[in-house]
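This briefing goes through the fold of one protein chain, topic by topic. The sequence and the model come first, and the notes follow.

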Amino acid sequence: MPTEKTSIYRIVVKSKQPGDPRSQAYLVDAQALGLTKITGLQCNELYFVEGALSQSDLQRLADEVLSDPVTQTAAWGRLFLTGVETSLRHGCWKLQVALRPGVTDPVAEQIERVGQVLGLSGLLRAATGLDFEIEGQDLG
């Protein structure tokens, strides 16, 4: 049962390499589906964690478990508060997708397990998703 100190946090993990292969593949797929107004696309990992977690707990989870500091950056913040989002340029849109409630999320299960192994006893739940930054003309 959540306590007063329990919060939900969003962690966004981005590739340091512009035009990473996964993002390029999504762009090719979108254009093949006829979405030709999309001219650029960046796909980021999206994680939600719930619990009574300190800033150092969140930083440790982001740096040691969810991202590779050589190739990725991780930013986190409390859900529904500012701080995680970066400003989007004019002509850019953001789309975030996650699994529906009740759908098995094996990555989230492993995050919860690793949190216990690391001694992050405040970690109650986790969920995963994808964060897309989409560029193009006349997308609205």
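**Helix 2 and its surroundings**

The buried residues of helix 2 pack against strand 1 (7-15), strand 2, strand 3 and helix 3. The model is predicted, and the points below describe helix 2, then the sheet, the other helices and the chain totals.

Buried and exposed sides of helix 2

- Helix 2 spans residues 55-66, and its buried residues are Leu 58, Leu 61, Ala 62 and Leu 66.
- These four residues lie on the same side of helix 2, because the arc they cover around the axis is only 95°.
- An α-helix has 3.6 residues a turn, so residues three or four places apart point the same way.
- Ser 56 and Glu 64 are exposed residues on the face of helix 2 that is turned away from the buried side.
- Buried here stands for under 20% relative accessible area, and exposed for over 50%.

The sheet

- The chain has an open sheet of five strands, with the order 3-1-2-5-4 and antiparallel pairing.
- Strand 3 (72-78) and strand 4 (92-98) are the edge strands, and each of them pairs on one side only.
- On average, neighbouring strands of this sheet are turned by 25° against each other, with direction ignored.
- Strand 4 and strand 5 (residues 123-136) run antiparallel and are joined by seven bridges.
- Cys 92 has Glu 135 of strand 5 standing opposite.

Helices 1 and 3 on the sheet

- Helix 1 (residues 21-32) packs on the sheet, where it touches strand 2 (38-51) and strand 5.
- The direction of helix 1 makes about 120° with that of strand 2.
- Helix 3 (residues 106-117) also packs on the sheet, touching strand 2 and strand 5.
- For helix 3, the angle of about 130° is the one its direction makes with that of strand 5.
- Helix 3 is also among the elements against which the buried residues of helix 2 pack.

The chain as a whole

- The chain holds three helices and five strands, and from the N terminus on these elements run β-α-β-α-β-β-α-β.
- The chain has 140 residues, of which 36% count as buried.
- Among contacts with a separation of 6 or more in the chain, 78% are accounted for by residues 24 or more positions apart.
- The exposed area of the chain is about 8,900 Å², and carbon and sulfur atoms supply 55% of it.

Definitions and conventions:
Residues numbered from 1 in each chain as written. Predicted model: local features only at pLDDT ≥ 70, side-chain atom pairs only at ≥ 80, totals over all residues. Heavy atoms only, no water. Helix = DSSP H or I, 4+ residues; strand = E, 2+ residues; numbered from the N terminus. Buried < 20%, exposed > 50% of the residue type's maximum accessible area, 1.4 Å probe, protein only. Contact = heavy atoms within 4.5 Å. Areas by Shrake-Rupley, 256 points an atom, 1.4 Å probe, with all protein chains shown as cover. Pairing = 2+ DSSP bridges. Axes fitted to C-alpha atoms, helices over the stretch in contact; angles between N-to-C directions. Arc of directions from axis to C-beta.
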